[in-house]
Amino acid sequence: MHRRFRQHEIRRVDDLSGVWDFSFLGDVDADSVDVGAIAFDDRMAVPGCFDATPAYAARRGLAAYRTRVLFTDATRHRLVIDGLHHWGRAFLNGQRLGEHVGGFTRFSFDIENPAPGEAELVILADNRFDYERCPLHLDYFDWYHFGGISRGVELHRLGQAWIDAVRIDTTDYRARQVRVQVDYGADRAGQAELAIRCDGREVLREAVTLDAAGGTIERTLTLEGAALWSPEQPSLHLVGVTLGEDDRAERIGIRQVAVRGRQIHINDQPVRLLGFCRHEAHPQFGHTVPDMVQIADVQRLRDMGCNFVRGSHYPQDLRFLDLCDEAGILVWNESIGWQQRAEQLTDEHYLAAQLTQTEEMVAMSRNHACVILWGLLNEADFHVPEVRPGVARLIARIRELDATRPVTYASNHPFDDTCFDLADVISINCYPGWYGGGIDTIAGWIDKIIAQIDGPAGQGGKPMIISEIGAGAVYGWRDQNETYWSEQYQAKHLDTTIRHLFEGTTRICGLSIWQFCDIRTADRVAMGRPRAFNNKGVLDEYRRPKLAYEVVQAHYRRLQ
Ligand code: ADA
């Protein structure tokens, strides 16, 4: 995956992006596939979503990808896959390496003693809905689940001692103090040299003892003179770690996120979050949003005066987070989910997959300064008391992994949610003026929600975000009657909404409008979704602005 900085100067990394051999196997059982006998009769881009191409449009089934990789020696290697939709299994020379559940997170498989020379790598990708195999992706979610190897694939040569991860947290932003945790693995115990550089300047060099079982080396460092990261001045620093023969760099921002009463603070300054919910999707590319589109999206967000994105409804691509780090756009990064029902949230099979996926999300994106909130699930059955233990477990796991960011979730049960006390920030999805009622009902509905949250049964002491609100408009449908689905209706709706949220009340500290751009949706929800798209974007799916774009822009620019 091409990041905005070089992660390795010493470790050899082969980027496996390109055109791979491909075969669409269709509705076959993955367990019955003889990998050696697959007839690769086509080709496909990696990364890429096969069902975004015309030949496989709307197809669901098992797909096989094949390429050849080169091992120059028998040293341990690691195959790193940044996204595989939405269930997959990998094979090297016909031997199974492992399998993975869930489409939007990074995972890896180790190859301990590869035979030197060329080897055949086959990856199976399955985009069917199968709760037993992959409970994280279900057919009723309101977006189109594209299939394929959606993000990058790399082969890393690790050697005998290697860095698994470098985790960097700001511990005292005023003192420019950070905690660096180096997770390592090793084939045997021994001594190694640890060196840490910040922006090319060495800040630590010492000998360390490595455990044969692997471990974590933790150091607290002061990065003298380092500039702070903030939405206005997003200064970034490259922290490079060398451990023995291996290395890894991470790019960080020194900043503190804190919840103080009803506000979210960055470096002790309250921030007002003004932004959008954004899916990582494009009709031509599926979930593999090209760099050009990622850049254009960030340009659009900035042009509208946004400082905030809710990455709905799954962990965002690291390339997008890199761009948000640079642009000073604050991100709510959330685990995959859409209206999980109580049956799922009380099912160990579901919770186990969700916990793993949550851990992967935190691992892959924790060093991004732009990520200021962890989110989980979306509009789950939070009103059913039985879901509390499962939700509490997921939140506890996030806090255990990263105590430096507040946790929230989007609830559409403002009046009877049973889990609000578990979150640091209260986030509400609501659709007054769209699902029932006209534009004249928006203000009253918002006030009613605020009164409930701040009332005796509520969580009045916490910050509150409107995490979804909006109206549909079909691009180009301009109607003098200003009816539903017209660009005029949407523009008026958002105008009324934003005015009320920030002029009619002072209670709300953030807004992520539903949504940034239109997205293709699932067959199951296509009724009530003209064109089978969720049309509530202020841009259409090709990022062409609707009338509401300039309305939001005028408000957001004024409010910043
Ligand atoms: C929900 C959901 C969104 C979208 C939205 C809508 O709030 O979280 O993904 O489906 O409704 O457009 O109705």
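In which loop is Asn93 found? In this predicted model, Asn93 is found in the loop between β6 and β7, the latter strand running over residues 95–101. The backbone of Asn93 deserves a remark, for this residue has a positive phi of about 45° although it is not a glycine. Two peptide bonds of the chain can be described alongside it. A cis peptide bond, with omega at about -20°, joins His85 and His86, and His86 is found in the loop between β5 and β6, where β6 covers residues 87–92. Another cis peptide bond joins Ser312 and His313, here with omega at about -10°, and His313 has its place in the loop between β22 (308–311) and α2 (318–327).

As to the chain as a whole, its secondary structure comes to 8 helices and 30 strands. The radius of gyration of the chain is 24 Å, which is close to the 24 Å that the globule rule gives for 560 residues, so the chain is as compact as a globular protein of that length. Taken along its principal axes, the C-alpha trace spans about 70 × 60 × 45 Å.

The surroundings of the ligand were examined next. The ligand is surrounded by 13 residues, and the closest of these are Asp142, Glu379, Tyr435, Glu468 and Lys536. By residue class, this shell divides into 4 nonpolar, 4 polar and 5 charged residues. Several polar side chains approach oxygen atoms of the ligand: an N or O atom in the side chain of Tyr435 is 2.4 Å from such an oxygen, a polar side-chain atom of Asp142 lies 2.5 Å from an oxygen atom of the ligand, and for Arg529 the corresponding distance from a polar side-chain atom to a ligand oxygen is 3.2 Å. On its own the ligand has 310 Å² of accessible area, and the protein covers 96% of this area.

Empty space in the protein was considered as well. Rolling a probe the size of a water molecule over the atoms shows where such space is left. The largest pocket has a volume of about 960 Å³, and 37 residues line this pocket, with Gln7, Val80, Arg106, Asp164 and Arg248 lying nearest its centre. Two or more lining residues come from each of the strands β1 (13–15), β5 (77–81), β8 (107–111), β10 (153–157), β11 (161–172) and β17 (246–252), and likewise from the helix α4 (348–365). Of these elements, α4 gives the most to the lining, with 7 residues. The lining of the largest pocket divides into 12 nonpolar, 9 polar and 16 charged residues.

Enclosed space was treated separately from the open pocket. The structure holds 1 cavity of 30 Å³ or more, and about 40 Å³ of space lies in the largest cavity. The residues that line the largest cavity are Phe146, Ala281, His282, Pro283, Asp518, Ile519, Arg520 and Glu541. When these lining residues are sorted by class, 4 are nonpolar, 1 is polar and 3 are charged.

Notes:
Residues are numbered from 1 along each chain as its sequence is written. This is a predicted model: local features need pLDDT of at least 70, side-chain atom pairs count only at pLDDT 80 or more; totals for chains, interfaces and linings use all residues. Side-chain values use heavy atoms; hydrogens and water are left out. On a 1 Å grid over the protein atoms alone, a cavity is a set of points where a 1.4 Å probe fits but cannot get out, and a pocket is an open set with protein on both sides within 12 Å along at least five of seven lines; lining residues have an atom within 4 Å of a point. Grid points are joined across faces, edges and corners, and a volume is the space filled by probe spheres set on the points. Helices (H or I, at least four residues) and strands (E, at least two) are DSSP runs, numbered from the N terminus. Ala, Val, Leu, Ile, Met, Phe, Trp, Tyr, Cys and Pro count as nonpolar, Asp, Glu, Lys and Arg as charged, and the others, Gly among them, as polar. A residue is near a molecule or strand if one of its heavy atoms lies within 4 Å of it. A polar contact is a pair of N or O atoms within 3.5 Å; within protein, one must be able to donate a hydrogen and the other to accept it, and residues adjacent in sequence count only if both atoms are side-chain atoms. Accessible areas come from the Shrake-Rupley method with a 1.4 Å probe; for residues, only the protein chains shown count as cover. The radius of gyration is taken over C-alpha atoms; the globule rule is 2.2 Å times the number of residues to the power 0.38.
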